[in-house]
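The following exercises are to be worked with the sequence and the model at hand. Each task is followed by a solution in steps.

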Amino acid sequence: MKKLQLLLLVTFTLGFTAQAQYKLPQLNYKYTDLEPYIDSATMYVHYNNHHAAYTNNLNKALSKYPELYKKELVEIFQHVEELPADIQTSVRNNGGGYYNHLLFWELLTPPAKSKMTPAVERALIADFGSVEKFKEEFEKAATGRFGSGWAWLIKDAGGKLKIISTPNQDNPWMSFAKTKGKPILALDVWEHAYYLKYQSKRADYVKAFWSVVNWEKVEELLK
Ligand code: MN3
């Protein structure tokens, strides 16, 4: 009997924590590994302060309506306007912040491993004409975003690759996004993502990004 109670307790506890709180992900590299393109001080602060704050604040908002933990974040993003009014803005900003950074970290890799795969190259040429044209358009979206936000490569419902940018922590899943789709590549253009190293030179940061893109992850998301 005691064993059964213990088993039930363990099952309940594990089941509960598994869907209870969002957590900061493990990074697949060290803070120093993206040097010199993204410096370790920026990585440290970006992950431990900014991403941690989005994560905590998302949990704070969702804990008011714990049943929302049972839904996928993407599903929540697609219907943000249906959320209870008191958490709508917080989930939009902090849920977006949590999810976007999770993806961003996975889309980065040490420079020695950053090699475009043939499958990605083919896909970019098919929809943009050339890799150079794709990069040019992506850089334009990243440098042209006024204030804080993100630049994205997305795959739309018809399977076509497109480049868009979103303000603040919005993302291409959200009902507010003018052009929607599945994120394939993401670049954080908030000042906190580059200011320590690049100061006001966002364009240099955007160029440096190409040296640390995890193209294998891009290929995985393309499928
Ligand atoms: Mn950020």
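**Exercise 1. Determine which residues of helix H5 are buried and which are exposed.**

Solution. The model is a predicted one.

Step 1. Helix H5 spans residues 118–128, and its buried residues include Val-120, Ala-123, Leu-124 and Phe-128.

Step 2. These residues cover an arc of only 100 degrees around the axis, and therefore they lie on the same side of H5.

Step 3. Pro-118, Arg-122 and Ala-126, on the other side of H5, are exposed.

Step 4. The cover over the buried residues of H5 includes two helices, H6 (131–144) and H9 (215–222), together with strands E1 (149–155) and E2 (161–167).

Step 5. Just after H5 comes Gly-129, with a positive phi of about 95 degrees.

**Exercise 2. Identify the residues that coordinate the manganese ion, and locate them in the chain.**

Solution.

Step 1. The ion is coordinated by NE2 of His-46, NE2 of His-101, OD of Asp-188 and NE2 of His-192, at 2.0 to 2.1 Å.

Step 2. Along the sequence, these donor residues follow the spacing H-x54-H-x86-D-x3-H.

Step 3. His-46 belongs to helix H2 (residues 40–62), whereas His-192 belongs to the loop between strand E3 (182–188) and helix H7 (195–198); the pair therefore ties together parts that are 146 residues apart in sequence.

Step 4. His-46 and His-192 are both buried.

Step 5. His-101 is located in helix H4 (residues 85–106). Its relative accessibility is 0%, so His-101 counts as buried.

Step 6. Leaving aside residues up to four places away in sequence, His-101 touches His-46, Asp-188 and His-192, and also His-51, Tyr-54, Trp-150 and Gln-169.

**Exercise 3. Explain which parts of the chain the salt bridge between Lys-217 and Glu-106 ties together.**

Solution.

Step 1. The structure holds seven salt bridges. In one of them, the side chains of Lys-217 and Glu-106 meet at 3.0 Å, N to O.

Step 2. Because Lys-217 lies in helix H9 and Glu-106 in helix H4, the pair ties together parts that are 111 residues apart in sequence.

Step 3. Lys-217 counts as buried because its relative accessibility is 13%, under the 20% limit. Glu-106, with a relative accessible area of 31%, is partly exposed.

Step 4. A second bridge is formed by the side chains of Lys-160 and Asp-127 (3.9 Å, N to O). This pair links distant parts of the chain, with Lys-160 in the loop between E1 and E2 and Asp-127 in helix H5, 33 residues apart.

Step 5. A further bridge joins the side chains of Asp-156 and Lys-162 (2.9 Å, N to O). Salt bridges with shared partners also unite Glu-106, Lys-217 and Glu-220 in one network.

**Exercise 4. Locate the cis peptide bond, and state where Asn-168 and Gln-199, with their positive phi values, are found.**

Solution.

Step 1. The cis peptide bond joins Glu-35 and Pro-36, with omega of about -5 degrees. Pro-36 lies in the loop between helix H1 (2–20) and H2.

Step 2. Asn-168, although not a glycine, has a positive phi of about 50 degrees. Asn-168 is in the loop between E2 and E3 and, at 39% relative accessibility, counts as partly exposed.

Step 3. Gln-199 has a phi near 50 degrees, again positive in a residue other than glycine. The loop between H7 and helix H8 (202–209) contains Gln-199.

Conventions: Residues are numbered from 1 along each chain as its sequence is written. This is a predicted model: local features need pLDDT of at least 70, side-chain atom pairs count only at pLDDT 80 or more; totals for chains, interfaces and linings use all residues. Side-chain values use heavy atoms; hydrogens and water are left out. Donors are N, O and S atoms within 2.8 Å of the metal (3.2 Å for Na, K and Ca); water is not among the atoms, so sites may look incomplete. Helices (H or I, at least four residues) and strands (E, at least two) are DSSP runs, numbered from the N terminus. Buried means under 20% relative accessible area, exposed over 50%, partly exposed in between (1.4 Å probe, protein chains only). The arc is that of the directions from the helix axis to the C-beta atoms. Contact means heavy atoms within 4.5 Å. A salt bridge is a side-chain nitrogen of Lys or Arg within 4 Å of a carboxyl oxygen of Asp or Glu.
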